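Colleague: Could you take me through the aromatic rings here, with the cut-offs behind each term?

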Amino acid sequence: MAGSSLDVLQNLPRITLANLRPEPGARKNEKRRGRGQHGGNRSGRGHKGERQRGTRPRLGFEGGQTPFYLRIPKYGFNEGHSRRPQYQPLTLKRLQYLIDLGRVDPSQPIDLTQLVNARGVTIQPLKRDYGVQLVDEGSDIFAAKINIEVQRATEGAIAAIERNGGIITNSFYDPISLGILIKPVPFFMRGQPIPKRMLPGEDMVPYYMSAENRGYLADPEEIQQARRALAQKYGYVLPDISKDELCHMLAMRKDVRQIFFGLSPGWVVNMPEKKILKPTDEKLLQYYSS
Amino acid sequence: LFFSPQFASSFSSETALPPNLRLPSNLVDPDRLKRPPPPEDSSLPLIRKCDAALPAHLSPVRTWVDTLESKDSEPLGLTELHPDVFAVTPRLDILHAVETWQRNYKRISHANTKVRSEVRGGGRKPWKQKGSGRARHGSIRSFPPLKLNCGVSHGPRGPNSYYYMLPMKVRVQGLKVALSSKMAQQYLHVVDSLNIPTPDSQYLLELIRNRHWGESVLLVDVSQEFPENILQATANLKTVNLIPAIGLNVHSMLKHEAVILTLDTVRFLEEKLLWHDERYTFLYPFKLPYSDFP
């Protein structure tokens with residue numbers, strides 16, 4: 001450990017400003033062209049021609065023959081790639097790791113805010129991240145009863161969570177709400193009222209309304225049916241949640257327009273004075289409760 | 001390699017050092033090393049124990065606690081210092097990196113030379129392209145030997161900043177390594193407080209000479225307000241300096257031979273430096289409030 005090296009230090013001269021030097025091999029001298037026997041003469045440019053004279057044609061030019069990048073016809077593989085929603089993957093293995101280390105509290109509903117506070121995932125809403133997706137790598141190890149809310153989930157992940165008696169919901173956050181959800185404190189410091197969460201776009205509505213994906217817009221009865229169907233498909237006994245001690249916590253769900261659990265849209269949070277201001281005007285209340 | 005020169009001369013008749021001998025200051029002084037670290041079964045009281053929880057495989061570092069009240073007094077007691085701050089692996093490369101960073105990140109070099117377009121004059125072609133027998137030139141200010149006031153092509157250009165930041169944890173580790181190496185080479189001393197009986201500089205110098213602390217001493221206290229006596233005593237001294245604990249840095253620690261910390265400073269440093277070992281990475285600037293960790 002550090003003991004023996006500190007003992008060696010006792011017999012060595014005093015460490016002063018004159019004794020410090022970087023590790024041998026840390027600083028390498030840069031190449032300087034045009035100087036000396038090895039850098040000089042032709043300076044690494046070769047002998048005559050376009051190479052030495054720096055007049056080579058552009059990358060991809062094939063001497064006049066139609067180049068490869070123009071022969072191949074265009075096809076929209078990457079069309080609109082920068083507008084496609086991306087979801088940061090979260091494996092069940094990582095989730096179990098976070099719960100085991102105590103960074104995520106399984107006795108409270110697990111939200112994206114909780115995951116980001118535990119530094120389990122890193123979300124960049126400005127890079128078209130629309131949230132987190134649950135991946136079923138590690139589903140055989142997973143053993144925790146949690147109430148988790150993600151933006152996308154694979155069937156295997158849903159099965160793994162429900163097998164252990166937990167609840168999983170897929171909900172949609174538009175980019176602004178996502179930015180607020182990830183970093184609530186800088187948003188509260190701005191002093192703006194909490195906005196209401198927007199509903200998903202046309203193409204995402206069927207995903208969030210289907211019960212197989214446990215969408216937040218789906219019918220609760222259909223979700224129960226889907227739970228039984230999934231239990232039958234994957235071959236496990238569906239545990240009864242209503243008889244659980246934490247059933248009240250597990251049944252907590254956010255309203256469609258709500259971003260945070262305890263706070264409604266329209267409220268203003270005053271961080272320095274630790275106060276919450278609620279609107280009283282009718283029109284505002286009507287707007288925020290729609 | 002072990003480096004331990006002797007002060008005594010090789011001639012058996014002469015015991016005193018010759019008067020014109022100049023010794024380098026980082027020679028090991030045998031008088032200084034006469035005080036070994038406190039043994040297990042010493043009678044002095046343990047004044048301070050480590051606040052933070054120690055890992056099971058590490059044991060705290062024990063040091064003497066002195067007073068500045070009288071010139072040659074016995075140590076007051078013992079303190080326990082946290083090993084993760086005062087006994088880390090002596091990474092000299094981190095020390096070097098932090099020291100160069102401290103020197104260079106504030107540096108702005110104002111050296112500026114004029115390019116041939118900025119030197120006054122030189123717009124006209126000095127002589128015609130062909131026929132004069134001389135080399136072809138376009139302007140007087142392009143390069144020597146036309147005129148000596150030519151423009152410099154690749155010289156320093158304007159105020160240049162050498163600002164860069166080392167990661168926070170590297171700078172923290174630099175502080176820990178500096179403290180540990182001072183502790184290991186016995187240049188670190190702990191004092192109960194910086195109260196002196198007299199505002200006399202000579203008193204301080206004799207105290208330092210009696211205790212063989214070294215040539216230059218750095219006194220560190222937690223608060224930014226020091227007792228008046230020590231302020232007056234160190235005001236005219238070049239080699240004895242005061243800093244608050246927030247101002248503690250690797251350069252000052254290496255520049256001064258001995259570093260004296262008070263018990264409050266030790267507590268402050270342990271708290272601040274150990275926090276970085278077990279903290280999350282930041283989501284937003286640390287100035288905004290965090291609820292998870294202080």
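Modeller: At 31% relative accessibility, Phe286(B) counts as partly exposed, because buried means under 20% relative accessible area, exposed over 50%, and partly exposed in between (1.4 Å probe, protein chains only). This is a predicted model, in which local features need pLDDT of at least 70, side-chain atom pairs count only at pLDDT 80 or more, and totals for chains, interfaces and linings use all residues. Residues are numbered from 1 along each chain as its sequence is written, chains are lettered from A and ligands numbered from 1 in the order in which they are written, and side-chain values use heavy atoms, with hydrogens and water left out.

Colleague: How many aromatic pairs does a search of the whole structure find?

Modeller: Rings of Phe, Tyr and Trp (its six-membered ring) pair if their centres lie within 6.5 Å, and planes under 30 degrees apart count as stacked, over 60 as edge-to-face and the rest as tilted. Over all chains, the number found is 13.

Colleague: Which kind of pair do Tyr208(A) and Tyr216(A) make?

Modeller: Both Tyr208(A) and Tyr216(A) are buried, and ring pairs link them with Tyr130(A), Phe172(A) and Tyr207(A) into a cluster. Their ring centres are 5.8 Å apart and their planes lie at 90 degrees, so the pair is edge-to-face.

Colleague: Which residues lie over the face of Tyr187(B)?

Modeller: A charge sits over a ring if NZ of Lys or CZ of Arg is within 6 Å of the ring centre and within 35 degrees of the ring normal. At 5.3 Å from the ring centre there is Lys182(B), and at 5.7 Å there is Arg14(A).
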